[in-house]
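Trainee: Please put the model up, and then let us go through some points on its strands and its cysteines.

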Amino acid sequence: MTLGARAQGPRVTVKAAKGLPFLSMHNGRFYQSAELSLENPGDSTTVTIKVKGVPDVALGLGSGSRQLEIFVPEVKKETTVAFAVESAGKTATTGKVDLAPVRKMTIYILPHSHNDIGYTEIQTNVERKQMNNLLHGIEYAQKTKDYPAGARFIWNLEGVYAADLFLHRMNDQQRQDFIAAVKDGGVALNGMYVNTLTGLCRPEELLQLFRRSNEVAAQCGVKVESAMISDVPGYTWGTVAAMAQAGIRYFSAAPNYFDRIGDILQQWEDKPFYWVSPSGKEKVLVWIPWKGYALSHGMPEGLTKKFVDDYVAELKKKNFNYDISYIRWSGHGDNAVPDPTISEFVKDWNTTYAWPKFIISSTTTAFSAFEAKYGSQLPQEKGDWTGYWEDGAASSAFETAENRASSSRLSQAEALWAMRGGTGFPVDRDREGWKNVILYSEHTWGADVSVTRPLSQKTMEQWIIKKSYATLADSISLEVLNGALPQGAANGFDVYNTNSWPRTGLVLLSREQSAAGDKITDATGKTIPSQRLANGELAFVATDIPPFAAKRYTLAPGPSFGGPTTNSAAGGSAVQADNHSLDNGILHVSIDETTGTIKSLKNHSIDNEFVDTDSSGGLNDYLFLLGNKLSDVQRNGPVTITVREKGPVLAELRIESDAPGVAKLVRDVRLVNGFDFVEMTNYLDKLPAELDPHPGDYPWANLHGKESLNFGFPFHVQGGDVRLDIPMAIMQPEKDQIPGSCKNWLEVGNWADVSNKDYGVTWVTLDAPLVEVGGITATLLGGQSHPEVWRKHIEPTQKLYSWALNNHWETNYRAYQDGIITFHYALQPHKAFDAAASTKLATGLSQPLIVAPAAGELAATPKLQLSSQRLVALVLKPSTDGKAWMVTLFNPNEQSESTSLTWTGSVGAAHYSNTSEEAQASVDGPIVVAGQDVVTIRVEK
């Protein structure tokens with residue numbers, strides 16, 4: 001702005017003049033806006049604003065300051081426009097205003113409420129709030145139905161959890177009103193159930209995360225094409241495949257805008273892109289809007305002209321080159337009520353201005369409009385968007401492990417029901433089990449004061465409910481599984497394989513299950529080697545259990561049989577144990593007699609020592625850290641090693657010691673006869689961390705009392721590459737991470753692997769979902785708002801660290817945990833890496849063979865067989881409508897694989913399907929599954 005000299009006389013002045021990025025239509029011509037800031041230190045007067053080519057504007061001007069909007073003809077290039085201000089017929093002042101061409105933009109507004117299930121208040125109150133929000137959303141959509149185009153209120157359900165509650169708890173009329181509102185577009189469904197930490201999910205859990213939206217959409221007669229997630233920064237790669245399976249094409253990701261989010265906003269805010277699935281066959285359009293989901297939280301005044309000016313300037317600063325944008329509007333806090341004032345703003349704005357144009361919409365409407373215009377221009381990214389907030393799950397490690405087990409158990413239970421014929425499959429209980437698994441993985445772990453006031457009523461009440469999700473998932477999964485099993489004779493039992501490949505596995509019969517005796521015979525009368533363990537269990541190896549089938553065994557009085565137990569497929573000899581080593585002719589394992597770590601791991605057929613002997617510690621190394629200085633890392637004290645089991649089925653060493661952070665540390669190392677992997681079980685009697693000595697003292701809670709525990713696994717595999725199993729994908733750190741991913745820690749499903757072209761080692765983790773690669777790099781305590789402090793690169797390495805426990809957060813997650821916590825690991829040295837073999841090993845350990853009393857006809861013939869053993873079935877279950885079998889196949893390999901499905905008994909037509917379970921294209925010929933792809937088949941009964 002340039003201001004001229006002020007004339008003598010009237011003292012009206014222009015303090016500032018600026019162009020505004022608005023266009024309005026007058027008499028068929030576009031005019032753009034400029035804002036003049038006038039100052040009148042004298043009495044009230046009348047002034048006239050003169051701009052060439054525009055009628056004069058006269059107005060009364062009181063004493064003091066006033067801002068005035070003037071309209072000048074639209075400019076097509078940067079232009080300086082002169083103006084004059086007259087008062088009493090004389091020029092009071094002159095000036096110039098710089099104008100730039102106004103972009104004709106459409107800005108979509110997505111109203112919603114951010115659903116924190118807890119945090120600011122107890123979860124039960126949040127449920128009531130969100131159902132009331134839905135009632136108000138329906139009401140406002142109906143009231144504004146006849147507003148001008150774009151101004152009607154539309155309520156986006158951030159997830160379908162509120163809809164699920166609504167449909168179960170509200171009366172018939174309210175349910176009908178909801179369905180009608182969805183049908184006419186007043187309420188929009190988005191595909192996620194809740195705002196989940198996707199990196200914690202097991203494969204079927206990730207599919208189930210979107211399953212309920214398909215069901216609700218079917219009730220309403222619509223399709224779900226979009227998903228929203230709020231607050232959570234980072235998402236596991238398989239989320240793309242899971243969304244594709246649910247028919248979702250658009251993903252509105254809106255993370256927290258400041259705390260523990262790495263550089264995710266710097267990389268992706270208002271930079272829409274296509275996120276490509278692990279197979280490369282699917283993609284979703286992803287877009288993080290300005291300030292994530294919380295833009296409106298800092299705007300108590302609502303939408304204003306100033307906001308529009310600031311927003312357009314923000315887009316220009318970012319070099320945002322599209323004429324369509326969108327913002328989230330989540331009210332004025334978490335779990336906020338719908339804000340109908342935005343409809344009034346849009347109605348008034350669009351009446352006054354032609355551009356920018358505002359449209360209140362659903363996610364699908366906004367994203368589909370953008371895609372139609374710009375889809376061909378968008379970049380594509382293929383890789384894991386590794387999450388930042390999953391680390392908090394290690395603040396409640398016991399419950400996290402419990403929930404992982406429940407997720408796996410529900411998958412097994414569904415397969416058992418299919419194997420047993422499917423009649424009576426408890427659809428509602430199965431759904432309830434998955435709901436609780438997902439609610440535990442939801443991002444709201446506890447109260448906002450969970451660390452500053454960890455013993456407060458608010459914190460304790462919310463934790464009781466959060467913990468109950470894991471507890472309920474455990475009990476319901478057991479109920480559904482046991483409901484599929486028959487009740488039979490005490491001296492006979494069946495061993496079920498719920499996987500799609502033949503299984504040989506260790507079976508442990510409890511003291512009660514094996515009360516009839518120690519002698520085990522199979523269906524042919526052959527005596528099976530068995531071993532009564534120190535804890536009273538009876539152990540034996542069940543061999544060659546067919547896929548989705550069972551074998552029958554009989555117990556009788558008599559001693560256990562100690563004959564040859566070698567698995568012929570694996571080779572080897574009798575298992576042996578001494579005070580510091582185990583050997584079964586396949587593997588040799590040596591224990592360090594001072595530290596209790598594994599100091600040597602060898603496979604007799606591979607010329608390599610798999611322990612990095614140059615490292616400061618061996619495998620399964622206990623590493624405890626108070627604070628974040630790596631020089632303060634502590635190990636366990638001197639160990640006592642005893643031979644707990646000596647064979648013939650298995651040998652086991654128990655390693656006991658004191659250790660920092662725990663009352664006692666016990667590590668069991670087990671080697672089974674004929675097996676090419678070694679198992680470790682670590683038992684911690686955890687002591688609680690130091691709590692805030694002055695409740696409410698945030699600075700203390702932010703940085704003090706912090707602890708973490710890692711189990712170190714420094715492998716020796718020359719030139720080996722690290723691979724991580726994640727839900728429905730396999731990724732390599734750094735190589736397969738898109739910009740904005742967390743690299744200080746990563747999430748892992750069941751296994752990791754370190755391999756070169758000739759050999760490697762697969763590491764299985766059943767309970768702990770977090771891993772650090774190359775070193776202990778998870779040392780960021782409390783609130784972290786600076787992107788530069790986060791790790792930017794992961795260098796080549798063969799060292800893995802299982803990040804088992806921590807309390808690093810300053811809010812939300814737990815400040816302490818105590819009691820018995822167990823971590824299970826396994827190690828399998830192998831020759832060339834085989835993704836299918838690693839997947840089967842780890843899945844088998846997470847989904848053990850199931851034992852049930854023998855009853856009725858044995859399910860000896862596989863319910864389903866895949867002709868290709870390079871594929872795995874993630875899911876085999878009765879369909880929800882009871883009319884079909886649902887099969888979800890996953891190909892862990894890089895190359896495409898094809899398979900046919902062979903069923904026991906007659907089946908009907910087969911169709912490709914997805915999480916909706918609807919029949920789509922007919923299956924004609926072999927089923928082809930691309931590398932790291934997921935395919936779902938519906939087979940009619």
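What follows is a short exchange on one sheet and on the cysteines.

Mentor: This is a predicted model, in which local features need pLDDT of at least 70, side-chain atom pairs count only at pLDDT 80 or more, and totals for chains, interfaces and linings use all residues. Residues are numbered from 1 along each chain as its sequence is written, and side-chain values use heavy atoms, with hydrogens and water left out.

Trainee: Which strands stand at the edges of the open sheet, each with a single partner strand?

Mentor: Strands are DSSP runs of E of at least two residues, numbered from the N terminus, and two of them pair if DSSP finds at least two bridges between them. The open sheet has four strands in the order S46-S47-S52-S50, with antiparallel pairing. One side of each edge strand is left without a neighbour in the sheet, because each has a single partner; these are S46 (872–878) and S50 (910–913).

Trainee: Over how many bridges do S47 and S52 pair?

Mentor: Within this pair, Val887 stands opposite Ile937 in S52. S47 covers residues 884–890 and S52 residues 934–940, and their antiparallel pairing runs over seven bridges.

Trainee: How far is the sulfur of Cys201 from the closest cysteine sulfur?

Mentor: A disulfide is counted for a pair of cysteine sulfur atoms within 2.5 Å, and the whole structure has zero disulfides. Cys201 is buried (under 20% relative accessible area, 1.4 Å probe, protein chains only), at 3% relative accessibility. Its closest cysteine sulfur is in Cys742, too far for a bond, at 17 Å.

Trainee: What is the relative accessible area of Cys742?

Mentor: For Cys742 too, the closest cysteine sulfur, in Cys201, is too far for a bond. Cys742 is buried, and its relative accessible area is 0%.

Conventions:
Buried means under 20% relative accessible area, exposed over 50%, partly exposed in between (1.4 Å probe, protein chains only).
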